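Work through the exercises below with the coordinates open, trying each task before reading its solution.

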Amino acid sequence: MSRLISRRAVTAGLVTGAGALLTGCDAVGRNETAKALLFQGEDFHRTLQRRLQGRDALAPEYRPDQMSPRFRTNGATNPGTDEYRALAADGFRDWRLQVRGLVRRPLSVSLAQLRALPQRAQITRHDCVEGWSAIGKWQGPRLSHLLDLAGLREDANYIVFHCADRHGSTAYYESIDLIDAFHPQTILAWAMNDRLLSIGHGAPVRLRVERQLGYKQAKYVMGIEAVASLSNIGRGKGGFWEDVADYDWYAGI
Amino acid sequence: MSEELQRETITQAPARQVVFRHRLATRIWHWVNAVAIIILIGSGMVISDAHPHLYWGNYGANFDTPWLSLPRFVDFGPVIGDWQITIPSYYSLALARRWHLFFALVFAFGLLAFMIASLFNRHFQRDLRLRLPDLHWRALWHDFRAHLAFRFHDPAHPDRYNVFQKLSYVGVIFLLIPLMIFTGLALSPGMDAAWPWLLDIFGGRQSARSVHFICASLITLFIIVHLTLVILAGPFNEVRSMITGRWRVPEGDGE
């Protein structure tokens, strides 16, 4: 075989191969079986990370001088519903956090009651799935404290957060498992950077689950529900973005 | 193997010697890694598009000053004809992340397996070990001039890598790919809780993100140079050697 021909043939082969690989990726992304295999990566990462970090490993905390000068907002910046407007106009005096589902004592908690619980303040880094990071200070009661007050039943496996912001006709929702729900840094923040949480950042209360990405940090939390399985929540993947866009439910990476 | 080799050299034309060049572990890793790396670069570009600004330090977002702002890579497809350069071809951060994080596992554990195998089969010690005389300026100059003349191997030892080859393979295997893996891990909030030292090494998550991008660019440069040299050195022979392990010493270079 002449060297010139072989050179051309192999070069064309390599280029075509790489091109086919790239084009094939779109087709794989549409095939359900292939997608299921690809999505196994999430479980693998979750298992691996949970094993490496242990239950209570803390997300890094920062000094006040390391905070972002300005913390940008993201996602919904105002639920804008009549109900929410009425609550906000009154400084959320009539807002009640509903704790329900698989609990022995369903609760209806006011903002004043949340502030009266033992508090945790933490300066942590917020990592958006898009790639940016901002460091801010968050304060609020630990979620575990509230769950202990409500008394989780044995069959509860996940905590679902129902929010006031709507995306189309759907209210935002997110969920975490009990490992993250009882993590020491998982708090219901009502204060940010030593001020009341602003509407842009999720007033009156936003979840902080510090070992995961930004879309897990549900804003405008109205209700907390303990459930055995996520299959009856939304379309069954445990969160708004998980259901509509195939984002990973485990957002530790 | 040596018996097989001898038989082959005898049956082939004596001037066109065939040497056994790549061990099985090297060949398997090469192709698995080639697929993984193309998918990682393609999906990484879509992930970059979600926030195409790079910063130094712990934080970095829209109100902070980036040191580099990148073009949107998904817009490049139509520019280069029908070519698509990203995975997927359209903007989907969720799907790009699925590709990226799956093949990141192939990439990282693939390197680990290759490293263990290459210590056992002595590929590292025998083929990639750089000796001090290799790095003398005279040796480097000699190798540089050889490259300019398209002579890529030493006629006396055609089975050995040349100095630039060794330097680039060592740089990619022991520096760039490990840096890709560890800066990638530093981007994970879960891993930062597990291994907080990741952030200390790279000087914060946004610095790690910048280093991740720089190393990806260097690996892309390596791939371009690598493919160019494969084509110049005789692509049929080179590609076949990475499939069967056997490499034919080019004409005129034999004894």
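Helices (at least four residues) and strands (at least two) are taken here as DSSP runs, numbered from the N terminus. Just after helix H4 of chain B, so delimited, Arg122(B) takes a positive phi of about 65°. The model is a predicted one.

**Exercise 1.** Determine which elements of chain A give two or more residues to the side that touches chain B, and how that side divides by class.

Solution. Begin with the totals: 48 residues of chain A are in contact with 43 residues of chain B. On the chain A side, the elements that contribute two or more residues are helix H1 (3–30), H2, E3 and E4. The largest share, 13 residues, comes from H1(A). Sorted by class, the chain A side holds 24 nonpolar, 14 polar and ten charged residues.

**Exercise 2.** Describe how helix H2 of chain A crosses helix H4 of chain B, and test whether the length of H4(B) agrees with its residue count.

Solution. Two packed helices are described by the angle between their axes and the distance between the axes. For H2(A), residues 32–53, and H4(B), residues 93–120, the axes come within 8 Å and cross at roughly 65°, and the crossing is left-handed. From H2(A), the residues Leu38(A), Phe39(A), Gly41(A), Phe44(A) and His45(A) meet Arg98(B), Trp99(B), Leu101(B), Phe102(B) and Leu105(B) of H4(B). Seven of the residues in this contact are nonpolar, two are polar and one is charged. As for the length, the 28 residues of H4(B), at 1.5 Å a residue, should span 40 Å, and the end C-alpha atoms are indeed 40 Å apart, which agrees.

**Exercise 3.** Establish the strand order of the open four-stranded sheet in chain A, and explain why E3(A) and E9(A) each have one side without a neighbour.

Solution. The order is E3-E4-E8-E9, with antiparallel pairing. Strands E3 (119–127) and E9 (195–196) of chain A stand at the edges with a single partner strand each, so one side of each has no neighbour in the sheet. E3(A) is joined to E4(A), residues 133–141, by nine bridges in the antiparallel sense, and Gln119(A) stands opposite Pro141(A) in E4(A).

**Exercise 4.** Work out in which sense strand E11 of chain A pairs with E1(A) and with E5(A).

Solution. E1(A), residues 96–101, runs parallel to E11(A) and is joined to it by four bridges, with Gln98(A) partnered by Gly223(A). E5(A), residues 158–167, pairs with E11(A) in the antiparallel sense over six bridges, and here Cys163(A) has Val221(A) as its bridge partner. E11(A), residues 221–227, is mostly covered, five of its seven residues being buried.

Technical notes. Residues are numbered from 1 along each chain as its sequence is written. Chains are lettered from A and ligands numbered from 1 in the order in which they are written. This is a predicted model: local features need pLDDT of at least 70, side-chain atom pairs count only at pLDDT 80 or more; totals for chains, interfaces and linings use all residues. Two strands pair if DSSP finds at least two bridges between them. Axes are lines fitted to C-alpha atoms, for helices over the stretch in contact, and angles run from 0 to 180 degrees between N-to-C directions. A crossing is left-handed if the near helix is turned anticlockwise from the far one by less than a right angle, and right-handed if clockwise. Two residues are in contact if their C-beta atoms, placed from the backbone, lie within 7 Å. Ala, Val, Leu, Ile, Met, Phe, Trp, Tyr, Cys and Pro count as nonpolar, Asp, Glu, Lys and Arg as charged, and the others, Gly among them, as polar. The expected span of a helix is 1.5 Å times one less than its number of residues. A residue is buried if 20 or more other C-beta atoms lie within 10 Å of its own, exposed if 12 or fewer, and partly exposed in between; C-beta atoms are placed from the backbone.
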